[in-house]
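Please find below some brief comments for your consideration. They concern one pocket and one helix pair.

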Amino acid sequence: MNDSLAAEATGLRGPVHLAVDLGASSGRVIAGASDGGQMRLAEVWRFENKPVRMQKDLLWNHLGLWQDISHGLRLAADQVGSGAGEVVSVGVDTWGVDFGFLDDKDQLISPVRCYRDPRNLGRMQDALQRVSREEIFAETGLQFMEINTLYQLLAAQQAGDVGYQNATSLLMMADLFHWMLSGERTIEASNASTTQLLSPVTGTWSTKLLEAFNFPAKWFPTPTQAGTPIGVVQSSVAAMTGLHDVPVIAPATHDTASAVLSVPAEGFAPARPDWCYISSGTWSLMGVELPSPKVTSLCAELNFTNEGGVHGSTRLLKNIGGLWIFQQIRAALQRRGSAPSWAEMVEAAEAAPAFSMLINPDDPSLLAPTDMIDEICSLAGRTGQKVPMDNGVLFRSALEGLALRYRLTLESLERLTESSINTIHIVGGGSLNALLCQMTADACNRTVVAGPVEATAIGNVAMQMIGSGRLHSIDEARQLIRNSFPTKTYTPGNSSVWDEPAARFAEL
């Protein structure tokens, strides 16, 4: 942490909430407080999060993450305590679907696998041999993706995984770190909803699916609701971090659920929404916030997902490959000895000719390739397109593919909700990519409101404030967010030029 950030953390006044925000490529410890009718944030510690390849496996470095989290909490305790603030809670959010196993001795008993682990390939088809696609969707209302917890568990079962065979508990990623903090075993509802084992209608686990796949029911306790205090920082952690008797409050632990809470829109969970969101990062999650799930034949046909939001809401959304391709192109160039900055990549993309190659961000071959550039060139050949010979074309194609995917997803959202969506809110790191935001406005022919950038951490802090009684409703939280963080508006330009590429893209 540099001196300016230290000063910023020291300057927080009154009750301070610590948000541990873990994404699929980085993590942060962020301190947040409400001061004079505005939420103020201070980034205390930022660290890298990269999966580790070991033999044929792809694993998360959960011990390294815990070390960085502990270090960040120690810095936060020191900096906040030396100012006018006081740390009053801590909560963790992460990506969905991944998990760890605990045994009866309260020990983590096997590596924590990454959702991109090759062991998961083909397991969805194995699952559909046991239970039909229609039955699984009727039980869970969830989008079918091979990374879902259901298929990861089936992979562990088939592999004779030592963790699977000896576990007494399964904890989703954020719950795993809450256990490290407090010693308490819980599964928060928003992350539970990503497993494809939970009913979005009842909010309870699907007994039918647990029995069909022979998954132990004891692993699946009643989900904890966002905003619930689940314990206090245990003594070993207090000694290490200086956070004594600090409550651990579960935010919406799925990072997208926290990000959606931070959307600076008017109203909460309308039945006929006129706005949608894109939580934009390594993944893009595009959807609407509804009062109840839509487990319908159309939803199944369009392969949308009903995930749990805060205060009983439903996030009807589509998981989209996101900036993963853009990021991995840069990683491939770094391995070749070239390391363009993100700004240089965007500048080159802007200068490149439009629609030179169409890339579907959800093409299965792009999920976890050894080298993204090589795989894109191979994809061009397989789809009858010209192989890109210029880096700018690579960069632009990755962004255009996202904008075109958003356009198709918007059309589906309006069909599902029978409403007209006028505004697209882009939150998260992708909201800083002005070219992508303008492409989205143009491709979708809708107004785009970009920001806030630190959406997930903001939502995490806001839910801790609600859980501790400092805020009293989602509407109040969103009003605080609107008062606190700037946004940028993009209006659509010549949208008609996207029509022909959109028709070609739909064929991909």
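1. The second largest pocket encloses about 750 Å³ of space. The model is a predicted one, and the volume is to be read as a computed value for that model.

2. The second largest pocket is lined by 30 residues. Those closest to its centre are Gln143, Asp362, Asp363, Pro364 and Arg405.

3. Which elements each supply at least two residues of this lining? They are β15 (314-320), α16 (391-417) and α20 (499-507). Of the lining, the largest share comes from α16, with four residues.

4. In terms of residue class, 17 nonpolar residues line the second largest pocket, together with seven polar and six charged residues.

5. Turning to the helix pair, α2 (residues 62-81) packs with α7 (residues 173-182) at an angle of about 55 degrees, and the two axes lie 12 Å apart. An angle that is neither under 35 degrees nor over 145, and that falls outside 65 to 115, counts as oblique; α2 and α7 are therefore oblique to each other. Their crossing is right-handed.

6. On the α2 side, the contact is made by His62, Leu65, Trp66, Ile69 and Leu73; α7 contributes Phe177, Met180 and Leu181. How do the residues of the contact of α2 with α7 divide into nonpolar, polar and charged? Seven are nonpolar and one is polar, while no charged residue takes part.

Definitions and conventions:
Residues are numbered from 1 along each chain as its sequence is written. This is a predicted model: local features need pLDDT of at least 70, side-chain atom pairs count only at pLDDT 80 or more; totals for chains, interfaces and linings use all residues. Side-chain values use heavy atoms; hydrogens and water are left out. Axes are lines fitted to C-alpha atoms, for helices over the stretch in contact, and angles run from 0 to 180 degrees between N-to-C directions. A crossing is left-handed if the near helix is turned anticlockwise from the far one by less than a right angle, and right-handed if clockwise. Contact means heavy atoms within 4.5 Å. Ala, Val, Leu, Ile, Met, Phe, Trp, Tyr, Cys and Pro count as nonpolar, Asp, Glu, Lys and Arg as charged, and the others, Gly among them, as polar. On a 1 Å grid over the protein atoms alone, a cavity is a set of points where a 1.4 Å probe fits but cannot get out, and a pocket is an open set with protein on both sides within 12 Å along at least five of seven lines; lining residues have an atom within 4 Å of a point. Grid points are joined across faces, edges and corners, and a volume is the space filled by probe spheres set on the points.
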